[in-house]
Structures are given as structure tokens and as C-alpha cells.
Amino acid sequence: MDTKKELLALVPKSYSADIEKAIDFLQLTCLPEEIKTGKLDHLIHTGIVLSKLNLDKEVIVAGLLHDVLTDDKTAYKELSERFNPKVAELVRECHEIETVIEGNINRIPVEVLSSIVLSIAVDLESLMIRIAAILTVLEHSSAYNNAKIKILAKIGKEVYLPLAMKLGMSGIE
């Protein structure tokens with residue numbers, strides 16, 4: 001089963017149109033080489049993890065789109081108009097969390113970094129999206145270079161794992 005079909009099989013039918021809309025948007029915004037290297041699969045796998053946690057439609061859609069502000073410079077306003085303000089805000093928070101962590105992982109103590117991350121997340125949904133995204137990257141690490149994987153593994157182990165445990169996400173696959 002391909003990843004899109006797997007995701008659609010996991011969510012309520014009422015989510016399908018919005019999820020397909022997000023995947024169609026990703027297919028338009030991802031470059032062909034990004035699709036070949038597994039970026040689209042990573043984004044859909046993030047949605048799969050979030051759907052297994054029985055999160056709402058907006059969180060799953062934002063999980064699919066979590067990299068668009070980072071990678072594609074898609075405007076916040078466009079996301080808000082194309083999807084909805086909650087999705088856009090979750091994607092913005094994901095981008096901000098990723099920027100803070102990746103820019104400071106070797107500069108400030110992990111406990112301080114975790115506190116900063118928690119202060120960025122208006123609610124915990126954006127944090128759950130980032131945790132799901134890191135898990136999928138590490139699970140499919142062959143698509144990334146070793147230096148990037150080492151950094152992401154450190155971020156996962158030192159920042160996201162303790163936060164995931166606090167959020168009760170220890171059983172996610």
C-alpha cells in the first residue's frame with residue numbers, strides 16, 4: 001500500500017478531502033528531486049504517525065505541511081487562506097520550533113532549549129507534529145546524509161524524547 005492510501009485508510013472519511021488537498025498541494029510545491037529523495041513520503045509518514053495518535057484533522061494536515069514554510073517559503077497567509085488559520089498557525093509554530101532547536105542544539109543546555117520549545121508551542125499540537133516528524137526522519141534515515149542524521153538523532157534523543165515522554169507519546173510507532 002502506498003503511503004497516501006495508508007494515511008487515508010487510518011483517518012475518518014470526513015478528513016479525506018482536506019488530507020488529499022494537502023497532499024496535492026505538497027505535490028505541486030515539492031521539487032522533483034525532493035520527491036525522489038523521499039521528502040513527500042516523509043511528510044505523509046508524519047501524517048500517519050499523527051493519525052495513529054487520533055489527533056484532529058487540522059493537526060494531521062499541519063503535520064503534512066510542517067516543512068512548507070521552512071523549505072518552500074510558502075507564505076503564512078497562503079496557508080491560512082488555502083487551509084485554515086489553525087493549520088497555518090501550527091505550521092508556523094513547527095517552523096519556529098525547528099529553527100530554534102537546530103540553531104541552538106550545540107549552544108545552550110538541553111533543559112533550557114526544551115523550556116524555550118515549550119514556550120513557543122501555544123498548544124502542544126505543534127510539538128507533537130515536530131516529534132512525529134523527527135521520528136519519521138530517523139525511521140527513514142537512508143534518505144539523508146550522515147551528518148544531518150547525527151544532528152537529528154541528537155535533537156530527537158536530547159530534546160524531543162523527554163518531551164514526548166512528558167506528553168504521553170511513548171507508545172507511538
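Which residues does Ser-114 touch, not counting residues up to four places away in sequence?

## Ser-114 in helix H9

In this predicted model, Ser-114 touches Glu-158, Val-159 and Leu-163 once residues up to four places away in sequence are set aside. The residue belongs to helix H9, which spans residues 110–120. Because its relative accessible area is 12%, Ser-114 is classed as buried, the cut-off for that class being under 20%.

## The nonpolar core

The largest nonpolar core holds 55 residues, and those that touch the most other members are Leu-7, Ile-19, Leu-65 and Leu-79. Helix H8, covering residues 85–104, gives the most to this core, with eight residues. In soluble globular proteins, nonpolar side chains tend to be buried together.

For Leu-65, the contacts beyond four places in sequence are with Ala-22, Phe-25, Leu-26, Leu-79, Phe-83, Val-87 and Val-91. Leu-79 thus appears both as a contact of Leu-65 and among the core residues that touch the most other members.

## Helix H5 and its surroundings

Helix H5, residues 57–64, is mostly covered, with six of its eight residues buried; these are Val-59, Ile-60, Val-61, Ala-62, Gly-63 and Leu-64. The elements that cover the buried residues of H5 include helix H1 (3–10), helix H2 (16–29), H4, H8 and helix H10 (125–139). At the N-terminal end of H5, Asp-56 acts as a cap, with a side-chain oxygen 3.2 Å from the backbone nitrogen of Glu-58.

How do H5 and H8 cross, and within what distance do their axes come? The two axes come within 9 Å and cross at roughly 45 degrees, which means that H5 is oblique to H8. On the H5 side the contact is made by Glu-58, Val-59, Val-61 and Ala-62, and on the H8 side by Lys-86, Val-87, Leu-90 and Val-91. The crossing of these two helices is right-handed. Val-87 and Val-91, which take part in this contact from H8, are also among the residues that Leu-65 touches.

## The pairing of H1 and H4

The axes of H1 and H4 come within 9 Å and cross at roughly 20 degrees, and the two helices are therefore roughly parallel to each other. This crossing is left-handed. Its contact is made by Thr-3, Lys-4, Glu-6, Leu-7 and Leu-10 of H1, together with Asp-41, Ile-44, His-45, Gly-47, Ile-48, Ser-51 and Lys-52 of H4. Leu-7, one of the contributors from H1, is also one of the core residues that touch the most other members.

Asp-41, one of the contributors from H4, lies in that helix, which runs over residues 39–52. It counts as partly exposed because its relative accessibility is 39%. Asp-41 and Asp-67 are 26 residues apart in sequence, and their C-alpha atoms are 12 Å apart in space.

## Arg-130 in helix H10

Is Arg-130 buried or exposed? Arg-130, which lies in helix H10, is buried, with a relative accessible area of 4%. Leaving aside neighbours within four places in sequence, Arg-130 is in contact with His-66, Asp-67, Cys-94, Ile-97, Glu-98 and Tyr-160. Asp-67 is thus a contact of Arg-130 and lies 12 Å from Asp-41, C-alpha to C-alpha.

Note on methods. Residues are numbered from 1 along each chain as its sequence is written. This is a predicted model: local features need pLDDT of at least 70, side-chain atom pairs count only at pLDDT 80 or more; totals for chains, interfaces and linings use all residues. Side-chain values use heavy atoms; hydrogens and water are left out. A nonpolar core is a set of buried Ala, Val, Leu, Ile, Met, Phe, Trp, Tyr and Cys residues joined through side-chain atoms within 4.5 Å. Buried means under 20% relative accessible area, exposed over 50%, partly exposed in between (1.4 Å probe, protein chains only). Helices (H or I, at least four residues) and strands (E, at least two) are DSSP runs, numbered from the N terminus. Contact means heavy atoms within 4.5 Å. A polar contact is a pair of N or O atoms within 3.5 Å; within protein, one must be able to donate a hydrogen and the other to accept it, and residues adjacent in sequence count only if both atoms are side-chain atoms. Axes are lines fitted to C-alpha atoms, for helices over the stretch in contact, and angles run from 0 to 180 degrees between N-to-C directions. Angles under 35 degrees count as roughly parallel, over 145 as roughly antiparallel, 65 to 115 as roughly perpendicular and the rest as oblique. A crossing is left-handed if the near helix is turned anticlockwise from the far one by less than a right angle, and right-handed if clockwise.
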